[in-house]
Structure formats: structure tokens, C-alpha cells
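Q: Before the individual labels are discussed, could the sequence and the structure be shown, so that each term can be set against its value?

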Amino acid sequence: ETGGNEGSLSDARVEGRGRKRLTRKEHKKRKKQRKAQNKQQAQQEEDGVQGSSATTDSKNSTGNVAESEDIGETAVEYVPTEIPSLKELEKAHGAKPLGKWFPNAVIIKSKDPPVATSKVSLVLFYQYVDPLWPESVTQQLMAYLCQIAQTRVLGGRIRVAREGVNATISSRDSSSGISAVNTIRHFTQDLLQFHDVFKKTDFKFIDDLSGDRHFKDFKVFPVKELVYYGLDGDKAPLHKGGTHLSAQDFHKKLADKDTVVVDVRNHYEAAIGRFDGQTVASTEEKGGTKNKDDAPNAAANGGATYVDPKMRKSTDFANWLNKSETKKQLEGKQVLLYCTGGVRCERASAYLNNNMGEQVAGVYQLQGGIERYLQAYPDGGYWRGKNFVFDKREAIGIDNPDGDGGVVGNKKKHKPSKDKKSEGEFLPEMKCCICQKPWDRYIGKKKCLTCGVPVLMCDACMSSKANKDDQNLIRCPLCIEEDVTVRANEVDWTNNGVAVCKSSEKGKVAPSVLKWGGGHASQKKERRRFKRKLCKFGADCNRPDCFFAHPKGEREGFLAGEND
Ligand SMILES: [Zn+2]
Ligand SMILES: [Zn+2]
Ligand SMILES: [Zn+2]
């Protein structure tokens with residue numbers, strides 16, 4: 001073990017953190033750290049963490065990454081982040097409640113000063129584990145992630161559950177000269193060091209993005225489900241999930257007849273881009289002629305019928321599937337499912353198989369999601385429109401890998417695409433919710449006042465005074481279609497955003513609300529107002545969603561529990 005630590009000390013010098021000779025005091029500190037690490041490893045074995053010792057595993061994983069991902073001469077040697085003990089972590093990291101939804105999320109703000117010309121890298125991944133991790137492993141992983149985020153320049157979000165992790169992580173070039181390209185890969189090596197299950201993980205790396213694509217903070221959310229479907233494992237066991245298809249096989253199946261392709265994303269994502277090119281005449285040339293060798297002419301066969309379940313959030317999926325119209329639509333058909341990165345299809349396809357596997361001719365899911373498909377088909381294949389993403393890129397176009405994110409009309413920062421967009425390139429749903437002119441960006445956090453989902457609003461309508469206050473009832477296309485008219489802030493919602501009542505004297509209520517909209521926004525405002533008043537119960541308060549202020553430190557600590 002001593003050898004291993006010496007190794008990491010010299011590695012630290014390579015990264016420029018340990019250039020000067022160690023003083024006696026520092027030597028003592030290192031010795032103490034080593035001792036703690038050894039103790040930690042013994043503890044891990046007891047806890048059932050399968051990762052082998054830091055030294056051997058880090059060597060193996062360095063080899064793996066170098067083989068699969070050639071990052072060239074810029075490669076900086078990997079210095080593992082030590083896995084601290086739970087006791088140390090309890091002291092070091094306070095959990096910060098993020099409201100009712102994630103009472104025990106942890107936020108780490110980056111201390112590294114920004115670099116003017118820095119580039120950003122992303123890694124997107126998810127990993128389900130079977131059997132479930134014991135609670136102690138999820139707590140240790142959360143703590144370890146905090147440790148990593150304080151050592152490396154990282155931002156983003158990671159959901160940690162007993163069933164695995166789901167993450168969108170960014171890095172930028174650091175002030176000490178370590179590139180984002182290296183940091184983001186070192187982060188994945190830390191995970192390999194923590195647990196062997198990450199050897200199976202499909203890490204999607206995206207490099208060379210502009211500097212403003214970095215998340216300023218690193219958030220760790222403890223959750224029950226990686227994707228909140230509100231299903232327990234028995235209703236959608238992962239081993240019943242649909243057959244995983246590569247981008248190429250998915251592309252071929254999109255051209256099949258007697259096939260439906262189900263969009264497992266929310267309607268506001270589907271509105272700006274989707275897999276329906278196989279049935280649209282204008283893109284026939286794209287799918288049929290250009291990719292002649294890959295697939296039979298889609299238009300001639302009919303191609304897979306596109307189905308949008310019109311969800312506001314993933315909890316709507318089960319309700320949609322249980323409708324008799326849905327069952328009729330899917331009966332006897334091959335069913336293809338897809339989402340942004342693949343994670344949402346895992347449980348959705350399992351639920352579908354479990355409920356009507358006998359009535360359909362096979363259930364399939366796109367491995368790696370749209371993200372992987374568009375890498376395999378840079379001209380778009382059967383995809384039309386843009387890929388909505390949950391990071392600072394906002395939405396990715398075929399000719400715009402850096403994404404739309406940022407200020408509208410900031411042409412200095414974001415080069416406009418080669419050819420100016422003609423009106424024909426807009427999908428019919430891509431229009432401003434106020435003036436109806438073609439528009440395809442979600443900006444200014446504008447949301448539907450009756451259900452909270454993001455709405456498309458053009459820059460002109462955005463800056464008009466009439467839309468700045470809440471006088472104008474801004475609604476999403478779903479609420480207009482369903483004639484939902486009651487404002488979300490006038491309705492009581494469950495913790496998971498399901499309406500407590502379905503209608504009021506004022507009209508129809510949305511079946512579900514997105515967490516950052518509607519009533520929750522006003523709750524948040526309210527909470528801010530009461531934050532400065534002291535709670536009458538003080539440190540003894542045990543109301544989990546108490547608005548008032550409490551003596552500092554008394555109610556903190558993410559070991560308190562888990563919630564969604
Ligand atoms: Zn407008
Ligand atoms: Zn709505
Ligand atoms: Zn209280």
C-alpha cells in the first residue's frame with residue numbers, strides 16, 4: 001500500500017499540486033491519510049463495496065480508458081481521489097436541503113477561479129445495479145462524490161439511489177492547467193475505483209464545448225428511483241426491459257412496417273425534435289436515398305408510426321399505457337422506445353413488457369438514446385428537429401454540436417449555423433406560445449401557468465411588458481388541448497406533483513405538474529420570506545418541511561434519510 005501512495009504523490013506533482021518537497025508536518029498528515037485509507041478499505045470489504053484496492057484498480061482502469069478513448073498528448077496521469085471514511089465525511093460535508101423535492105441534496109460550489117479561454121467537457125451516464133446497493137453504499141458514494149467534487153473542477157447533477165446512479169457532469173479547463181478532457185475522465189476513473197459495476201457503464205464523453213457549458217455547482221441528489229416513474233421494482237423489473245438496439249439496428253427497425261416508435265420523453269422535448277422522419281415525405285430523401293444501404297426505403301414500407309404519449313413528466317407514462325386507446329395502438333406491433341440518453345427507456349420498456357408483452361410483437365429500446373444515434377448518423381438519419389438536453393447546451397442541432405444555450409442573438413459567442421434556417425425546417429409544434437411565429441427555443445425559464453412545463457416563447461413576446469407579469473394566462477400546448485385552465489398555484493399538489501383534486505369551480509386542473517413550476521414556485525417564494533424568522537421549536541423541530549430558521553448545524557446531515 002505504501003508503494004501505491006508514493007505513486008500517487010508523484011502523480012500529484014505531475015498535476016502541479018505537490019511540486020515543493022513535503023515538510024515533516026505534511027509527511028505526518030500523509031501518514032495519517034494512509035492509515036485512514038487502509039482502515040477504510042477494510043471497512044469497505046465489510047460493507048460489500050466490490051472495488052479492489054485503489055492501487056491495482058486505478059492502474060487497470062487507466063489502461064482501459066487509454067485504450068478506448070484516445071485523448072492524445074494532452075493526457076495527464078490519473079491521481080485517484082481517496083475514498084474517505086463515513087465518519088470523516090459526516091464532519092466534512094453538510095447536506096443542504098433543496099426544498100420538499102430533495103430534502104437532503106448536497107451542493108458543492110467550485111472554488112477554482114474561471115479561466116478565460118477554457119473549454120468544457122461533459123460526461124453523461126447511468127448505471128443500474130442488481131442486486132440493490134445497501135443503504136451504506138449509497139451514502140458512501142454520495143460522500144465520495146462530494147470529496148471528488150472538492151478535489152476536481154466539476155459541476156452537474158448526479159442522482160444516487162439504491163438502484164444505481166444517473167448523471168450529467170461537466171468539467172472545464174482548470175486554473176492549474178489540467179484540461180477538462182482529462183478531468184472528466186479522471187472523474188470516471190474515480191468511480192471505477194469506487195465500484196466494479198462502473199466497468200459496465202456506457203460513459204458518453206462530449207468534448208470541446210464552449211466555456212459557458214459548465215455547471216457552476218455539483219449537486220448530489222439522494223433518490224428512490226433514478227427516473228421518477230412512481231413504480232416500485234416489481235411492476236417494472238429491469239430484466240424484463242426491452243431488447244437494446246444499436247443506433248444502426250434501431251435505424252433499420254424505424255423503416256419497418258407494423259411498427260410503432262414511442263417517445264418516452266416529455267411532450268415539451270418532443271415538440272422540438274423527434275423520430276418521425278421515416279414517415280415524412282420531405283425527409284424521404286434523407287432516410288431513403290442517402291442511407292440506401294442501411295435500410296429499405298422507409299416511405300415505401302410506411303415506416304414506424306411515431307407515438308407521443310404527451311407526458312408532462314415520467315409519472316404520466318403508466319397512465320398513458322393503461323388507456324384502452326394506447327393498447328389498441330400498440331397491439332400486434334413491434335414497439336420501439338427511445339429517450340435522450342437511454343435511462344428513461346429501461347423501466348418504461350420493462351413496465352410495457354410486464355403489462356402487455358404478450359400482446360405486442362417485441363419491445364426494443366435505443367441503446368445510448370438520441371445522443372448515440374446522432375453520433376452514428378451525423379446528418380440526422382430519421383431524426384427531425386433538435387435534441388433537447390438537460391445541460392447547458394439546451395438543445396443540439398444537426399449542425400450545432402455546441403447547442404443553442406446562452407443569450408438569444410449573441411452572435412459573437414455562438415456562430416449561427418452555416419445556412420440560415422428556412423421556415424420549412426421548423427416542426428409544426430415549434431412556435432411561440434403567444435404570437436405563434438416559428439420559434440424553437442426554451443428561454444427565460446418561461447413556464448405554463450397551469451402545469452409548470454417549459455413553454456416556447458419568442459424573444460419579442462418575452463420582452464413585451466404584457467408577458468412580464470402573470471396577467472396573461474400562458475399555457476403549454478397540452479393544457480390548451482386538454483382545456484386545463486386552473487393556475488397551478490391555486491391547486492394543492494402531492495409531494496410528487498400529482499393534483500389532489502381534478503377540477504375546481506374555476507375549471508379543469510392539470511393531472512400533474514412539473515416540479516419547478518406552478519404552485520411550487522410560490523411555495524419557494526413563501527419559504528424565502530419565512531427563512532429569517534426563527535422556528536419556535538428551535539433545534540427540536542422535527543417538521544421535515546419547516547419553513548422557519550433553525551440553529552445552524554442542528555438539523556443538517558444527509559444521513560437523516562432518503563426522499564424523492
Ligand atoms: Zn412570440
Ligand atoms: Zn401546461
Ligand atoms: Zn422548525
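A: Helices here are DSSP runs of at least four residues and strands are DSSP runs of at least two, both numbered from the N terminus. The model is a predicted one. With that convention, proline 131 falls in the loop between strand S2 (120–128) and helix H5 (135–151), and the peptide bond leading from aspartate 130 to proline 131 is cis, with omega near 5°.

Q: Why is isoleucine 107 called buried?
A: The relative accessible area of isoleucine 107 is 18%, and buried means under 20%, so isoleucine 107 counts as buried. Isoleucine 107 belongs to strand S1 (residues 106–109), and its C-alpha lies 6.5 Å from that of valine 220, although 113 residues separate the two in sequence.

Q: What makes lysine 310 count as partly exposed?
A: Its relative accessibility is 33%, and partly exposed covers the range between the 20% and 50% cut-offs, so lysine 310 counts as partly exposed. Lysine 310 is located in the loop between strand S10 (305–307) and helix H11 (316–321), and its phi, near 55°, is a positive value in a residue other than glycine.

Q: Why does glutamate 394 count as buried or exposed at 17% relative accessibility?
A: Because 17% is under the 20% limit, glutamate 394 counts as buried. Glutamate 394 sits in the loop between strand S14 (387–388) and strand S15 (395–396), with a positive phi near 75°.

Q: How do you know that H13 is largely enclosed by the rest of the structure?
A: Of the 14 residues of H13, 11 are buried, so the helix is described as largely enclosed by the rest of the structure; among them are Val343, Arg344, Tyr351 and Met356. Helix H13 (residues 343–356) reaches 21 Å from its first C-alpha to its last, close to the 20 Å expected at 1.5 Å a residue.

Q: What makes the pair of tyrosine 126 and tyrosine 128 edge-to-face?
A: The structure holds 21 aromatic pairs. In the pair of tyrosine 126 and tyrosine 128, the ring centres are 6.2 Å apart and the planes stand at 75°; since centres within 6.5 Å make a pair and planes over 60 degrees apart count as edge-to-face, the pair is edge-to-face.

Q: Why is the pair of phenylalanine 317 and tryptophan 320 called tilted?
A: Their ring centres are 5.6 Å apart and their planes are at 45°, which is neither under 30 nor over 60 degrees, so the pair is tilted.

Definitions and conventions
Residues numbered from 1 in each chain as written. Chains lettered and ligands numbered in written order. Predicted model: local features only at pLDDT ≥ 70, side-chain atom pairs only at ≥ 80, totals over all residues. Heavy atoms only, no water. Buried < 20%, exposed > 50% of the residue type's maximum accessible area, 1.4 Å probe, protein only. Expected span 1.5 Å × (residues − 1). Phe/Tyr/Trp six-rings, centres within 6.5 Å; stacked < 30°, edge-to-face > 60°.
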